[in-house]
Amino acid sequence: MPADLLRQVWGFDGFRPGQQEIVETVAAGRDVLAIMPTGGGKSLCYQLPALMRDGVTVVISPLIALMRDQVRSLREAGVAAGALTSGNTDAESDEVFAALRDGSLRLLYMAPERLASGATVPMLRRAGVTAIAVDEAHCVSQWGHDFRPDYLRVGELKRALGVPLAAFTATADAETRDEIVARLFDGAAPQVFLRGFDRPNIHLAFQPKDGPRRQIMDFARARRGQSGIVYCATRARTETLSAALNAENIAAVAYHGGMEADQRREVEARFQREDGLIVTATVAFGMGIDKPDIRWVAHSDLPKSIEAYYQEIGRAGRDGAPAETLTLYGPDDIRLRRTQIDEGLAPAERKEADHARLNALLGLAEAISCRRQHLLGYFGETAEPCGNCDLCDTPPEIFDATQPVRMALSAILRTGEWFGQGHVIDVLLGNATDKVAARGHDQLPTFGVGKAVPKGEWQAILRQMLGRDLIRPDPERHGGLRITAAAHPVLRGEETVTLRRDLIRRAKPAAVIRTQVSDEDAPLLSALKAKRRALAEAQRVPAYVIFPDRTLIE
Ligand code: ADP
Ligand code: MG
Ligand code: ZN
């Protein structure tokens with residue numbers, strides 16, 4: 001149920017490290033002190049439980065701007081939230097009081113100063129407050145520089161209302177922690193969550209798809225006899241992969257949401273019981289799995305987000321012994337995810353956020369130095385290079401790509417930020433295609449400036465540029481590429497761009513078959529699919545069938 005709310009209300013695919021345990025403990029009405037790094041996602045750890053519990057949760061927060069921000073985004077997500085702050089207009093406060101009276105309010109944000117008024121506690125008692133959350137709880141500590149005397153009243157509030165309290169901070173030092181416990185919980189021990197996000201025993205590795213079936217088979221073959229999970233993007237792929245593994249006498253079984261419930265339970269039980277079984281699964285697999293000795297997790301397709309990635313690889317090596325992971329990704333995954341986001345029903349800001357999250361994941365996939373540093377950095381934690389990831393094992397060759405990146409950016413700008421990758425590359429290469437000629441793009445100063453760089457390299461450069469969020473496909477312009485704010489300093493010559501050479505060399509041009517297909521053409525479609533497969537197998541390059549409406553057949 002928390003996972004459902006997470007998806008429905010926030011549109012997130014998975015919890016960030018640590019969130020789920022905290023959410024469940026807070027929702028169960030326990031006193032909690034949670035220490036998580038900045039950016040780790042503390043707000044969700046009190047907002048989500050507030051929706052799981054009856055009554056109102058009071059949130060004590062030190063800054064009016066923070067409160068307003070949170071209330072606004074909660075309301076946009078359809079959650080009844082309000083704030084009582086000195087910045088309110090009378091009308092705003094009246095609205096909050098009315099919602100408190102009629103019992104519709106779920107989260108009430110309040111500055112600690114309010115607690116100085118004798119009227120506040122009786123008001124909160126009448127309103128049916130059932131929990132207190134304290135954000136930036138280190139403000140209660142005289143040790144730190146953020147001390148706020150009114151935070152000392154929060155302990156009295158808890159005593160007066162007799163409800164559970166959950167306190168959140170990014171400040172982890174022992175004195176501050178002790179002071180928070182003494183002052184907010186009267187010294188009675190809350191459940192403390194203080195855990196770094198790192199899972200140092202899990203080896204991290206990504207590879208561009210280069211014959212994905214073979215890559216997964218090689219990985220599994222080298223780990224014969226170990227329990228592992230292969231996550232696949234489609235149900236069909238879970239079936240074909242498990243068949244291929246079994247054909248080599250490697251015990252494997254498929255698992256996906258299309259199977260009967262008792263069939264799924266049987267797979268779960270078998271995986272739990274047997275040693276060395278591989279489950280090829282969609283993301284439906286894993287929630288209920290509690291097997292400590294899963295030795296590896298592979299993704300045959302790009303996961304949905306960094307959060308989903310972390311959660312899925314995190315199923316490996318719970319016993320603390322070394323575990324391995326391999327995540328494959330390819331331009332097909334990226335295009336498919338972009339299309340899914342653009343064609344989904346989510347509001348524009350949510351789509352924007354989904355694109356940004358996808359970009360973050362691509363940034364991780366094509367990171368230029370320690371992957372774990374990059375991953376933990378995304379969750380707000382700093383770390384030293386880990387020595388247990390593919391990029392620490394073999395540092396990739398990098399090069400200053402400022403020059404070609406600027407060429408590509410200017411080709412995008414000069415063509416009006418209206419065109420997809422293919423057209424932009426045609427302009428760079430000086431290919432006078434019909435489309436190029438019809439738009440007069442062969443007259444542009446950028447026409448042919450990138451001749452010296454092969455087409456496959458341009459594709460890899462543009463993909464890395466997408467991953468760095470220097471350029472983005474614009475759904476309003478049918479996926480035409482436009483440049484982002486991050487590209488401006490590069491264009492102005494204020495910033496340089498470093499890309500990975502290894503990802504560029506191995507890139508080969510995709511074979512694209514363009515066609516128009518209607519229902520009667522179904523036989524043609526399967527012929528095309530077969531042709532695509534044959535091409536992909538023969539040349540070991542990704543090939544797609546792309547329809548004029550941009551649907552993509554893998
Ligand atoms: P903190 O208060 O710990 O610094 P926030 O609560 O402000 O962190 O969250 C930081 C960012 O992470 C926000 O943009 C939030 O929307 C995002 N976030 C939090 N939880 C998740 C999640 N499970 N999946 C994706 N994004 C998340
Ligand atoms: Mg915060
Ligand atoms: Zn590393």
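The paragraphs below walk through a predicted model, from its nonpolar cores to its strands, a ligand shell and a few individual residues.

A good place to begin is the inside of the protein. The largest nonpolar core holds 80 residues, and the members that touch the most others are Val405, Ala408, Val424, Leu428 and Ile461. Helix H20, which spans residues 455-467, is the biggest contributor to this core, giving six residues. Another core lies apart from it; this one has 55 residues, including Ala34, Met67, Ala133 and Ala167. Leu428 shows what sitting in the largest core looks like for a single residue. With residues up to four places away in sequence left out, Leu428 touches Met407, Ala408, Ala411, Thr446, Val449, Gly450 and Trp458.

Just beyond helix H20, the chain passes into a loop that leads to strand S16 (471-474), and Arg468 is found in this loop. Is Arg468 buried or exposed? Arg468 counts as buried because it has 20 C-beta neighbours inside 10 Å, and 20 is the number at which a residue is called buried. Arg468 also illustrates how folding relates distant parts of a chain: Leu361 is 107 residues away in sequence, while the C-alpha atoms of the two are 9.9 Å apart in space.

Strand S5 offers a view of a parallel arrangement. Five of its six residues are buried, so S5 is largely enclosed by the rest of the structure. Strand S2 (residues 56-60) runs parallel to S5 and is joined to it by five bridges, with Thr57 standing opposite Ala131. Strand S6 (residues 165-169) also pairs with S5 in the parallel sense, over three bridges, and here Ile132 stands opposite Leu165.

Ala131 is worth following a little further along this strand. Ala131 lies in S5 and is buried, because 24 other C-beta atoms lie within 10 Å. Its contacts, leaving aside neighbours within four places in sequence, are Ala50, Arg53, Thr57, Val163 and Pro164. Thr57 thus appears both among these contacts and as the residue opposite Ala131 in the pairing of S2 with S5. By way of a longer view, Ala131 and Gly286 are 155 residues apart in sequence, with 31 Å between their C-alpha atoms.

A second set of parallel strands involves S13 (residues 296-299). In a regular strand, side chains alternate between the two faces of the sheet. Strand S13 is covered on both faces: Trp296 and Ala298 are buried on one side, and Val297 and His299 are buried on the other. Strand S10 (residues 228-231) runs parallel to S13 and is joined to it by four bridges, with Gly228 opposite Trp296. Strand S14 (residues 323-329) is likewise parallel to S13 and joined to it by four bridges, and His299 stands opposite Thr327. Together, S13, helix H12 and S14 make a right-handed β-α-β unit.

Helix H12 comes up again in the packing of helix H15 (residues 371-378). The buried residues of H15 are Arg371, Arg372, His374, Leu375 and Leu376. These buried residues pack against helix H12 (306-313), helix H14 (348-365) and helix H16 (390-393). Just after H15, Gly380 takes a positive phi of about 90 degrees.

Positive phi values also turn up elsewhere. Most residues other than glycine have a negative phi. Glu136 has a positive phi, near 50 degrees, although it is not a glycine. Glu136 lies in the loop between strand S5 (129-134) and helix H7 (153-161), and it counts as buried because it has 21 C-beta neighbours inside 10 Å. Asn249, another residue other than glycine with a positive phi, has a value near 60 degrees. The loop that holds Asn249 runs between helix H10 (235-247) and strand S11 (252-255). Asn249 is exposed, because 7 other C-beta atoms lie within 10 Å.

Finally, what surrounds ligand 1? There are 13 residues around ligand 1, and those that come nearest are Phe12, Gly40, Gly41, Lys42 and Ser43. Helix H3 (residues 42-52) gives the most to this shell, with three residues. In character, the shell divides into six polar, four nonpolar and three charged residues.

Notes: Residues are numbered from 1 along each chain as its sequence is written. Chains are lettered from A and ligands numbered from 1 in the order in which they are written. This is a predicted model: local features need pLDDT of at least 70, side-chain atom pairs count only at pLDDT 80 or more; totals for chains, interfaces and linings use all residues. A nonpolar core is a set of buried Ala, Val, Leu, Ile, Met, Phe, Trp, Tyr and Cys residues joined through C-beta atoms within 7 Å. A residue is buried if 20 or more other C-beta atoms lie within 10 Å of its own, exposed if 12 or fewer, and partly exposed in between; C-beta atoms are placed from the backbone. Helices (H or I, at least four residues) and strands (E, at least two) are DSSP runs, numbered from the N terminus. Two residues are in contact if their C-beta atoms, placed from the backbone, lie within 7 Å. Two strands pair if DSSP finds at least two bridges between them. A crossover is right-handed if, with the strands pointing away from the viewer, the path from the first strand over the helix to the second runs clockwise. A residue is near a molecule or strand if its C-beta atom, placed from the backbone, lies within 6 Å of it. Ala, Val, Leu, Ile, Met, Phe, Trp, Tyr, Cys and Pro count as nonpolar, Asp, Glu, Lys and Arg as charged, and the others, Gly among them, as polar.
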